[in-house]
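Look at the model below before reading on. Then follow the text from the DNA to a pocket and a single side chain.

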Protein chains: 4
Amino acid sequence: MGAVKSKRMPRAVREQQMMDAAVRTFGQRGYQAASMDEIADLAGVSKPLVYLYLNSKEDLFTACIRREARALIEAVRGGVRPDDPADRRLWGGLRAFFTHTAQNPDGWAVLHRQARTHGEPFAAEAAAMRKEIVALVTQLIAVAAREAHRDPSLPDREVAGLAEALVGAAESLAAWANATPGVSAKEAAATLMNFAWAGLGGLMEGRAWSPAGGSAQAPAPVSASV
Amino acid sequence: MGAVKSKRMPRAVREQQMMDAAVRTFGQRGYQAASMDEIADLAGVSKPLVYLYLNSKEDLFTACIRREARALIEAVRGGVRPDDPADRRLWGGLRAFFTHTAQNPDGWAVLHRQARTHGEPFAAEAAAMRKEIVALVTQLIAVAAREAHRDPSLPDREVAGLAEALVGAAESLAAWANATPGVSAKEAAATLMNFAWAGLGGLMEGRAWSPAGGSAQAPAPVSASV
Amino acid sequence: MGAVKSKRMPRAVREQQMMDAAVRTFGQRGYQAASMDEIADLAGVSKPLVYLYLNSKEDLFTACIRREARALIEAVRGGVRPDDPADRRLWGGLRAFFTHTAQNPDGWAVLHRQARTHGEPFAAEAAAMRKEIVALVTQLIAVAAREAHRDPSLPDREVAGLAEALVGAAESLAAWANATPGVSAKEAAATLMNFAWAGLGGLMEGRAWSPAGGSAQAPAPVSASV
Amino acid sequence: MGAVKSKRMPRAVREQQMMDAAVRTFGQRGYQAASMDEIADLAGVSKPLVYLYLNSKEDLFTACIRREARALIEAVRGGVRPDDPADRRLWGGLRAFFTHTAQNPDGWAVLHRQARTHGEPFAAEAAAMRKEIVALVTQLIAVAAREAHRDPSLPDREVAGLAEALVGAAESLAAWANATPGVSAKEAAATLMNFAWAGLGGLMEGRAWSPAGGSAQAPAPVSASV
DNA sequence: TATGAATGAGGATTCATTCAT
DNA sequence: AATGAATGAATCCTCATTCAT
């Protein structure tokens with residue numbers, strides 16, 4: 001048995017317990033390998049109750065994806081200060097992203113790994129979430145280009161590709177940070193910010209990005225002080 | 001039935017047929033959803049023969065991962081001209097990467113999506129391959145830093161993070177390029193090269209990377225001439 | 001939800017509502033396919049209340065069979081005028097039978113189809129009802145034979161067989177009449193009466209039965225004037 | 001375990017064994033109450049083999065219905081001598097019908113009871129079979145009417161109803177004969193033939209049908225000499 | 001009188017895997 | 001070199017039924 005049994009609770013509460021268990025199980029085992037038995041057990045309820053409330057394995061998984069997607073997007077949005085300049089907004093979003101994924105590894109696994117791997121309708125659900133994030137980043141880049149008085153601005157497809165690249169880099173670093181002991185969310189964010197803003201070429205020439213204010217001639221790239 | 005039946009062929013050939021079928025099936029359906037029945041059928045042989053040659057579903061999947069990993073790494077290695085300067089070497093590797101993944105979508109799906117999603121021992125296998133690529137990139141960056149007379153060079157962990165970010169960006173762009181009609185491997189490579197070398201900040205200031213030679217003051221970022 | 005909710009009603013009323021819902025559900029879905037959930041829902045009450053009043057699915061089904069059996073038998077009995085001659089009594093019973101089954105298709109399905117198909121103890125319950133009807137018919141035939149001064153009368157087993165045949169024919173025609181658009185209960189009864197009284201041979205020779213009075217040399221068989 | 005295990009037999013044989021077991025189980029328990037476990041067990045094979053060969057419970061049931069329907073129809077057809085006069089042809093069909101149903105009670109239960117009770121697509125399958133029989137009988141009656149120089153012949157719908165009634169009477173008598181000890185198929189056929197050909201009215205007047213030749217003034221109705 | 005919360009038990013179906021030839 | 005025949009072990013899901021209020 002998974003959780004301590006405390007019987008007779010209102011539906012809403014039980015549902016959250018079940019989804020917690022489901023996110024954990026799906027995140028660790030994968031969609032197919034996770035069995036409804038295990039989820040019910042971990043949630044401390046019987047299988048029929050899971051079906052009564054969440055309908056089917058598919059629906060349960062979809063519900064998990066949606067819940068975790070909402071949570072992640074809200075976290076990232078909450079990390080972006082609207083009045084900051086473009087680079088600071090990006091920096092805020094990245095920190096929120098790395099913090100959230102570090103604190104919700106199973107939820108992140110569900111979104112990033114499982115949902116995208118197990119075909120429709122899950123992939124579509126995860127893709128929608130990712131598209132929101134990419135759109136957010138795309139807009140950030142576009143605004144930054146405008147703020148930089150860059151004219152003519154970058155072509156749309158170029159910007160889309162850059163946003164894709166940035167998001168992919170973030171996803172990759174999230175896994176790296178979680179797997180590498182001692183790497184904090186802040187440090188991961190700093191590494192990515194350097195990379196994304198100054199580029200390798202810039203870093204080679206000592207042109208790192210600093211949270212203090214835009215691209216600087218600082219002698220060394222920003223590292224998070226752990 | 002999948003393939004035309006031509007009985008009695010040497011083992012090595014049959015094995016490749018089976019693995020072709022397996023890669024295709026695993027890549028499209030996923031590890032668990034793929035059934036040995038379907039694979040055998042697609043390979044045009046009976047199930048017992050698959051077991052005779054490949055032993056088990058797990059072994060078969062592992063064999064697929066290894067084969068595809070080898071192929072990808074060799075492709076990337078083959079794209080890097082040892083005598084080029086650092087940025088050109090990176091550029092060559094990226095082009096090879098995008099070309100290979102575009103031409104082997106199922107193999108790439110097996111490596112990038114399925115192997116990493118379905119737990120041990122597959123994740124380890126895929127991780128080893130990825131580590132090789134990251135190591136390659138890491139070394140590229142380190143050499144570049146040295147070539148740039150940058151002293152003291154970037155801290156190791158910083159470099160590791162940058163390599164992770166770069167590889168993640170590449171993975172993300174591979175999916176984007178494959179999903180976006182009209183985006184060639186070359187264009188994807190160019191977008192990433194701009195991003196990675198010049199950074200967003202550099203691009204804002206018009207400092208794009210060009211295949212012609214290092215970081216330049218080119219008025220517009222490189223786009224692949226399709 | 002099935003019915004409009006109006007809480008707190010006397011037990012007897014609620015019970016009838018539940019049985020109405022049950023007959024409908026059992027009749028349409030069958031005993032096993034009918035779920036207590038659906039019945040409760042259709043009755044507009046919660047499942048525990050169904051159990052409180054009707055005890056179990058088995059008991060509920062049995063109660064339905066009994067209620068519908070009573071109703072059918074009373075209908076048939078009510079259609080038989082005791083002072084009529086034998087053929088007229090039969091005619092009256094048949095008309096009542098066809099009318100009742102046409103008006104209670106679900107109840108008839110429960111009795112004729114479901115109860116007999118789902119083993120003990122239901123089959124016994126339905127058999128008892130049927131036996132009552134067969135007995136009624138048997139007696140009618142026996143009396144008719146006596147009235148016809150037939151001596152020695154038909155052997156008992158012969159009569160039993162004839163009654164079985166007649167009832168079976170009626171059951172079959174009930175389904176036919178309900179399924180064939182435009183066939184009224186009266187017409188079904190007329191067809192059967194012709195068949196049962198005059199026989200095919202009689203009909204071939206133009207010896208049809210007419211409600212007017214016994215076996216006649218009428219040129220054409222009786223058809224119900226719709 | 002049901003049957004003695006004799007392993008490794010050709011598919012066609014196994015399939016028949018399975019269908020034998022299925023007919024028996026479906027006939028006795030009913031469609032829903034029959035479990036695939038029980039059927040497999042009775043057939044002496046494992047469940048997966050049943051699924052491998054017969055696909056699903058639904059398909060298995062349908063296959064049973066079809067097989068039994070074919071068998072019954074062929075039996076009845078085989079009992080009708082084409083060169084006999086109409087009444088003799090009917091007599092032959094009835095005898096074949098009662099004989100077949102008496103010898104295949106489970107198959108008959110599947111057709112008459114289970115298939116018609118468990119909704120689509122089974123009911124349609126059984127209905128098709130029954131329609132064939134009814135059509136056969138309908139034609140017999142129509143020809144008889146023509147042979148009797150009856151002009152104008154009976155209206156079509158009248159004939160359809162008569163055929164329905166006759167078939168229903170036969171079905172009912174089949175159950176009665178099987179349930180009443182000592183009633184042979186021949187006797188059941190004789191009882192029905194009397195009823196159908198002479199009618200109750202005819203019987204009252206001593207006008208019974210005899211296999212010897214048409215409607216006669218025989219002093220007593222035909223009884224089968226067991 | 002009435003119900004929201006909860007479950008034990010069982011059933012259909014699938015799949016990786018092996019045996020005998 | 002190759003396969004038709006066969007199965008043990010799970011897994012998803014449903015349902016009649018009860019408990020606590």
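How far does a polar side-chain atom of C:Lys57 lie from a phosphate oxygen of DNA strand F? The distance is 2.7 Å. That makes a polar contact (a pair of N or O atoms within 3.5 Å; within protein, one must be able to donate a hydrogen and the other to accept it, and residues adjacent in sequence count only if both atoms are side-chain atoms).

A word on the source: this is a predicted model, where local features need pLDDT of at least 70, side-chain atom pairs count only at pLDDT 80 or more, and totals for chains, interfaces and linings use all residues. Residues are numbered from 1 along each chain as its sequence is written, chains are lettered from A and ligands numbered from 1 in the order in which they are written, and side-chain values use heavy atoms, leaving out hydrogens and water.

Stay with DNA strand F. Around it are 35 residues, and A:Lys47, B:Arg8, C:Lys47, D:Arg8 and D:Pro48 come nearest. Near means that a heavy atom of the residue lies within 4 Å. Sugar and phosphate make up 55% of the strand F atoms that come within 4 Å of the protein. The side chain of A:Tyr51 has an N or O atom 3.0 Å from a phosphate oxygen of strand F. D:Met9 uses a polar backbone atom, also at 3.0 Å from a phosphate oxygen of this strand.

Now turn to DNA strand E. It is surrounded by 35 residues, including A:Arg8 and B:Tyr51 among the closest. B:Tyr51 has a side-chain N or O atom 3.1 Å from a phosphate oxygen of strand E. A:Met9 places a backbone N or O atom 3.0 Å from a phosphate oxygen of strand E.

Next comes the second largest pocket. A pocket is found on a 1 Å grid over the protein atoms alone: it is an open set of points where a 1.4 Å probe fits, with protein on both sides within 12 Å along at least five of seven lines, and lining residues have an atom within 4 Å of a point. Its lining has 41 residues; C:Trp176 and D:Arg116 are among those nearest the centre. Helix α6(C) gives the largest share, nine residues.

Finally, find C:Arg89 in helix α5 (residues 86-103) of chain C. Is C:Arg89 buried or exposed? It counts as buried because its relative accessibility is 10%. Buried means under 20% relative accessible area, exposed over 50%, and partly exposed in between (1.4 Å probe, protein chains only). Beyond its neighbours within four places in sequence, C:Arg89 is in contact (heavy atoms within 4.5 Å) with residues including C:Asp84 and C:Glu147.

Terms used
Helix = DSSP H or I, 4+ residues; strand = E, 2+ residues; numbered from the N terminus.
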